[in-house]
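Please look at the sequence and the structure shown below, and keep both in view while reading. The paragraphs that follow go from one residue to another and then turn to a whole chain.

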Protein chains: 2
Amino acid sequence: MLKTILDNKEEYQPGLSIDCVIFGFHDNQLKVLLIKTKYSDKWALPGGFVPVNEDIDEAAVTVLHGRTGLKGIFLRQFSTFGAARRCSVDVSNSVLDFYGIPLDEGKWYASRFVTVGYYALVDFLQTVPQPEGNNEIVEWIDHNAVPELILDHRQILDKALETLRMELNLMPVGYNLLPEKFTIPELQKLYETILGRKLDRRNFLRKITAIGILTKLDEKKSNVAHKAPNLYSFDKEKYEEVVKNGLTQGW
Amino acid sequence: MLKTILDNKEEYQPGLSIDCVIFGFHDNQLKVLLIKTKYSDKWALPGGFVPVNEDIDEAAVTVLHGRTGLKGIFLRQFSTFGAARRCSVDVSNSVLDFYGIPLDEGKWYASRFVTVGYYALVDFLQTVPQPEGNNEIVEWIDHNAVPELILDHRQILDKALETLRMELNLMPVGYNLLPEKFTIPELQKLYETILGRKLDRRNFLRKITAIGILTKLDEKKSNVAHKAPNLYSFDKEKYEEVVKNGLTQGW
C-alpha cells in the first residue's frame, strides 16, 4: 500500500498523514487495533495518506474502513502531531523501515510528516481486522499490554485515550462498544475500563440513568447464577442527541 | 511576510499552515484579533507557516507573539481543517488575493493547504496588536460583530468558540482575560459572554467557589455607588493545577 502511494506520490498531500486509534471493548478489556510487519519488532497504529482532492476527514474514514471493514462508525479528530523530529530521516524513518522499503524508494516520505490523529470506537465482534497486502498482520491488543510502537505512536495512543476519558464528561459512550443488549454492571465496567478506575455502583446508576439514554428491556440476563440483572439497550435517538448537544451540566 | 516565505518556500512545510483565534475580553465583550489589508474587503485570522525544522506548536507561538507581542500565554491546538476545496486555486486562492500577490508569484501556495487551528486567551490591555509590514491592519473586533472572513476562517473561529465553551466544563477560565483583581460579578460576566447566555448568580457563586481557585482580597471595588463588591484574585498555583488536571467532576 505504501509502495503504491510512493509510486503515485503527486496524488497525495505532501508532508501529511493520518493515524487512527481504533478502540474496541471485549472481555472487559479496552483493546486497540495495531499493525505489525515482518520487517520490524515494533507495532504501529493503522494510518494512511490524504489524496490531494480529498478532505482529511474522508481520508480517515478510508483508513478505518480499510482496516476494519466497518462503515459509518464513530470517528473523531482529536489532535495533530507535528514535532520537528517526529519522523525526520536523520532520526531514522521508521515507517519505511517498518515496511522494509529502502530509503531511495521512499524519498517522498523521508521528511517530517505531520499527522492528524483520529480515534474510533468500534464494535469488536463486528470488526474483521484486515491487513493490507501480505506484509502485515492486524491485531486487537489490550491497551494495558501495548508493545513498543514506532515513531510517536505511543504518544498518539495516549493522547487518544486521554481525550476519550475527557469526553466521557461531555458525551455518553457505549454505543458501538457494547452488544445491543447489556446490563448496567456491564456498562459500568466499560466506563471503569476506559477511566482505569473503580466507580461507585450507586453513583454510576444515578448518573447514567439521569442522562436519559437507556431503555429498560423486559428481559433479564440469562446464564447468571443468582439474581439475574435487567437488560438495557440504548435509545439511539436520544443517545445521538446527547452526543450532538453534550451532556447538560456545567455552568 | 507571505512574500518572504514564498521566496524561501523550501524552508517551510509544504501544504501546511497555522491559524490562530486570539480571544481577549474588554468592555464586557469577547473580542477576536483580526487582520485586514487594502487588497480585500474581507478580514482574516492571523496565521503563518511552519518551518521544516520547527514543531507546529512552536510555529503557533511565533504567530501569536508576532501579532500580539505577548509571550508565555495560554495557547491550545483545537482542530485541523483540511477540506479538499478549502483553498484550492480553482475556487480562488483568497490568501494570495488578500495580500495582493499575483498567482505566478504564489505558486507554492496555490494548492490545498491544511491548517492547524490554535486558540489563545490573552490580556486585552497588555496586547499591542502588531501588523506585519505596512500592508495590513490588526484590530480587536467584538465576536458578535465579526465581518466576512476569507476562506473557511469563519468556520475556524466558530469551532474555536465552541471548543472554548466546551472547555469551560473542564477547566477554569479567566486568568489572562480579567485584570489581576476582579469581582465575582465581573467573572460571571466573562463566563456569560463566552457562553452567550445568562447564568444564575447564586449557582455561579457556589460552583466557582467550589473549584477553590479564588482568593478573597481584603479590598472592595471602588467607584461603585451602592454596596461595594469584594475583590478577588486567582490563586495562580491552584488555578494551574486545575487547568492541568481538569475540574474534578463527572464519573
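A good place to begin is A:Asp55, which lies in the loop that runs between strand S3 (47-51) and helix H2 (56-68) of chain A. The model shown here is a predicted one, and the values given for its residues are computed from the predicted atoms. A:Asp55 has a relative accessibility of 28%, and it therefore counts as partly exposed, since that class lies between the limit of under 20% for buried residues and the limit of over 50% for exposed ones. Which residues does A:Asp55 touch, once those up to four places away in sequence are not counted? They are A:Val50 in chain A, together with B:Gly82, B:Ala83, B:Ala84 and B:Arg112 in chain B.

Another loop of chain A, the one between strand S1 (12-26) and strand S2 (29-37), holds A:Asp27. Its relative accessibility is 63%, so A:Asp27 counts as exposed. The backbone of A:Asp27 also deserves attention, for its phi is near 55 degrees, which is a positive value in a residue other than glycine.

A positive phi is also found in chain B, where B:Leu151, again a residue other than glycine, has a phi near 45 degrees. B:Leu151 is found in the loop between strand S6 (136-142) and helix H4 (153-167) of chain B, and at 25% relative accessibility it counts as partly exposed. The loop between S6 and H4 of chain B is also the place of B:His143. Is B:His143 buried or exposed? Its relative accessible area is 12%, and B:His143 is therefore buried. When neighbours within four places in sequence are left aside, B:His143 is in contact with B:Leu30, B:Lys31 and B:Val32, and also with B:Leu161, B:Arg165 and B:Thr193.

Still in chain B, helix H2 (residues 56-68) contains B:Leu64, which has a relative accessible area of 3% and so is buried. Its contacts, apart from neighbours within four places in sequence, are with B:Ile22, B:Gly69, B:Ile73, B:Leu75 and B:Ala120. B:Leu64 and B:Gly48 are 16 residues apart along the chain, and their C-alpha atoms are separated by 9.5 Å.

Returning to chain A, the reader can find A:Glu136 in strand S6 (residues 136-142). With a relative accessibility of 5%, A:Glu136 counts as buried. What does the side chain of A:Glu136 join by a polar contact of 2.9 Å? The partner is the side chain of A:Tyr99. In addition, a polar atom of the A:Glu136 side chain lies 2.8 Å from the backbone nitrogen of A:Glu132. Beyond its neighbours within four places in sequence, A:Glu136 is in contact with A:Ile35, A:Lys36, A:Thr37, A:Arg67, A:Tyr99, A:Gln130 and A:Pro131.

Farther along the sequence, A:Thr183 has its place in the loop between helix H4 (153-167) and helix H5 (184-195) of chain A. A:Thr183 counts as buried because its relative accessibility is 3%. Leaving aside neighbours within four places in sequence, A:Thr183 is in contact with A:Lys221, A:Pro229, A:Asn230 and A:Leu231. The C-alpha atoms of A:Thr183 and A:Arg201 are 13 Å apart in space, while the two residues are 18 apart in sequence.

A:Arg201 belongs to helix H6 (residues 201-211) of chain A, and at the start of this helix a side-chain oxygen of A:Asp200 reaches to within 3.3 Å of the backbone nitrogen of A:Arg202. After H6 of chain A comes A:Gly212, whose phi is positive, near 80 degrees.

It remains to view chain A as a whole, with its 7 helices and 8 strands. Of its 251 residues, 51% count as buried, and among the contacts with a separation of 6 or more, 74% are between residues 24 or more positions apart. The radius of gyration of chain A is 20 Å, which agrees with the value near 18 Å that a compact globule of 251 residues would have. Along the principal axes, the C-alpha atoms fill a box of roughly 65 × 40 × 30 Å. Chain A exposes about 12400 Å², and carbon and sulfur atoms supply 48% of this area. Finally, chain A has 31 positive and 34 negative charges, and the mean positions of these two groups are 8 Å apart.

Methods: Residues are numbered from 1 along each chain as its sequence is written. Chains are lettered from A and ligands numbered from 1 in the order in which they are written. This is a predicted model: local features need pLDDT of at least 70, side-chain atom pairs count only at pLDDT 80 or more; totals for chains, interfaces and linings use all residues. Side-chain values use heavy atoms; hydrogens and water are left out. Helices (H or I, at least four residues) and strands (E, at least two) are DSSP runs, numbered from the N terminus. Buried means under 20% relative accessible area, exposed over 50%, partly exposed in between (1.4 Å probe, protein chains only). A polar contact is a pair of N or O atoms within 3.5 Å; within protein, one must be able to donate a hydrogen and the other to accept it, and residues adjacent in sequence count only if both atoms are side-chain atoms. Contact means heavy atoms within 4.5 Å. The radius of gyration is taken over C-alpha atoms; the globule rule is 2.2 Å times the number of residues to the power 0.38. Accessible areas come from the Shrake-Rupley method with a 1.4 Å probe; for residues, only the protein chains shown count as cover. Lys and Arg count as positive and Asp and Glu as negative; His and the chain ends are not counted. The place of a charge is taken as NZ of Lys, CZ of Arg, CG of Asp or CD of Glu.
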